[in-house]
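Let's take a walk through a protein model together. Keep the picture open beside you as you read.

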Amino acid sequence: MARDVQITFDCADPAGLSAFWAEALGYPLQDPPKGFESWEQALEAMGVPPENRNDASAVVDPEGSRPRLFFQRVPEGKQAKNRVHLDVRAAPGLEGEARMAALEAEAERLVSHGATRLQRYEPAPPLGAGHIMMADPEGNEFCLD
């Protein structure tokens, strides 16, 4: 039996990082619980102190078929290179220069939202299509593929 997965990010600013990934993936922020118009209203009703209201956040696939991304505040900063990273499929079906141009445009867009460009890997046929390595606003590596 197949299982659903959630991808969890340890971070310093769950609201900020979830906003970045919502922009990167076209996911909306997860809606507040039923009966509440906003997360602020829900957290207030639940008695969550103001200093803990940015302890977690999530973004969800608008179609409900892709993984939920969950962001949780942790006290320590990022220590080393990620052992697992996301590949954002920003140029599906494209090849060669058209592919790399689409990846460059997406890299530029994400930099304007707080990402950092790390390195471009040129196409190396027959198997290497080329990609751009990036980091999100908290330094988590990901690739534009």
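Which backbone oxygen lies 3.0 Å from a polar atom of the side chain of Ser 18? That of Ala 15. Keep in mind that this is a predicted model.

## Ser 18 and helix H1

Ser 18 lies in helix H1. With a relative accessible area of 1%, Ser 18 counts as buried, because anything under 20% does. Beyond its neighbours up to four places away in sequence, Ser 18 touches Leu 29, Ser 57, Val 59 and Phe 71.

Now zoom out to the helix itself. H1 runs over residues 14–25, and at 1.5 Å a residue its 12 residues should span 16 Å. The end C-alpha atoms are indeed 16 Å apart, so the two values agree. Ser 18 has company inside: Pro 14, Leu 17, Phe 20, Trp 21, Ala 22 and Ala 24 of H1 are buried too. What covers the buried residues of H1 includes strands S1 (6–11), S2 (56–59), S3 (68–73) and S4 (86–88), along with helix H3 (96–111) and strand S7.

## A cluster of rings

Search the whole structure for aromatic pairs and you get five. One of them joins Phe 9 and Phe 71: the ring centres are 4.9 Å apart and the planes sit at 25°, so this pair is stacked. Phe 9 is in strand S1 and Phe 71 in strand S3, 62 residues apart, which makes the pair a link between distant parts of the chain. Are these two buried or exposed? Phe 9 is buried, with a relative accessible area of 10%, and Phe 71 is buried at 0%.

Another pair, Trp 21 with Phe 142, is edge-to-face: 4.9 Å from centre to centre, with 70° between the planes. Trp 21 belongs to helix H1 and Phe 142 to strand S7, so this pair ties together parts that are 121 residues apart in sequence. Trp 21 is buried at 1% relative accessibility, and Phe 142 is buried at 0%. Put the ring pairs together and they link Phe 9, Phe 20, Trp 21, Phe 71 and Phe 142 into a cluster.

## Helix H3 and its two sides

H3 gets the ruler treatment as well. Its 16 residues should span 22 Å at 1.5 Å a residue, and its end C-alpha atoms are 23 Å apart, which agrees. The buried residues here are Arg 99, Met 100, Leu 103, Glu 106, Ala 107 and Leu 110. They cover an arc of only 125° around the axis, so they are on the same side of H3.

Why can residues spread along a helix face the same way? An α-helix has 3.6 residues a turn, so residues three or four places apart point the same way. On the other side of H3, Glu 97 and Glu 108 are exposed. What covers the buried residues of H3 includes H1, S5, S6 and S7.

## Met 134 and Glu 141

Met 134 lies in strand S6 and is buried, with a relative accessible area of 0%. Leaving aside neighbours within four places in sequence, its contacts include Ala 107 and Leu 110, both of which are among the buried residues of H3. Met 134 is also in contact with Glu 141 and Phe 142. Asp 87 is 47 residues from Met 134 in sequence, yet their C-alpha atoms are 9.8 Å apart in space.

Glu 141 is in strand S7 (residues 141–144). Is Glu 141 buried or exposed? Glu 141 is buried, with a relative accessible area of 13%. A polar atom of its side chain lies 3.0 Å from the backbone nitrogen of Asn 82. Among the residues Glu 141 touches are Lys 78, Lys 81, His 85 and Met 133.

## Two backbone oddities

Most residues other than glycine have a negative phi, and most peptide bonds are trans. Just after H1, Gly 26 takes a positive phi of about 75°. The peptide bond from Pro 125 to Pro 126 is cis, with omega near 10°. You'll find Pro 126 in the loop between strand S5 (116–121) and strand S6 (131–135).

## What the record says

An unreviewed UniProt entry carries the annotation "domain: Glyoxalase-like" for residues 6–144. Over residues 6–144 the chain is 26% helix and 24% strand, and the end C-alpha atoms are 20 Å apart.

How values were computed: Residues are numbered from 1 along each chain as its sequence is written. This is a predicted model: local features need pLDDT of at least 70, side-chain atom pairs count only at pLDDT 80 or more; totals for chains, interfaces and linings use all residues. Side-chain values use heavy atoms; hydrogens and water are left out. Helices (H or I, at least four residues) and strands (E, at least two) are DSSP runs, numbered from the N terminus. Buried means under 20% relative accessible area, exposed over 50%, partly exposed in between (1.4 Å probe, protein chains only). A polar contact is a pair of N or O atoms within 3.5 Å; within protein, one must be able to donate a hydrogen and the other to accept it, and residues adjacent in sequence count only if both atoms are side-chain atoms. Contact means heavy atoms within 4.5 Å. The expected span of a helix is 1.5 Å times one less than its number of residues. The arc is that of the directions from the helix axis to the C-beta atoms. UniProt positions are given in the numbering used here, feature names are shortened, and annotations may be inferred rather than shown by experiment. Rings of Phe, Tyr and Trp (its six-membered ring) pair if their centres lie within 6.5 Å; planes under 30 degrees apart count as stacked, over 60 as edge-to-face and the rest as tilted.
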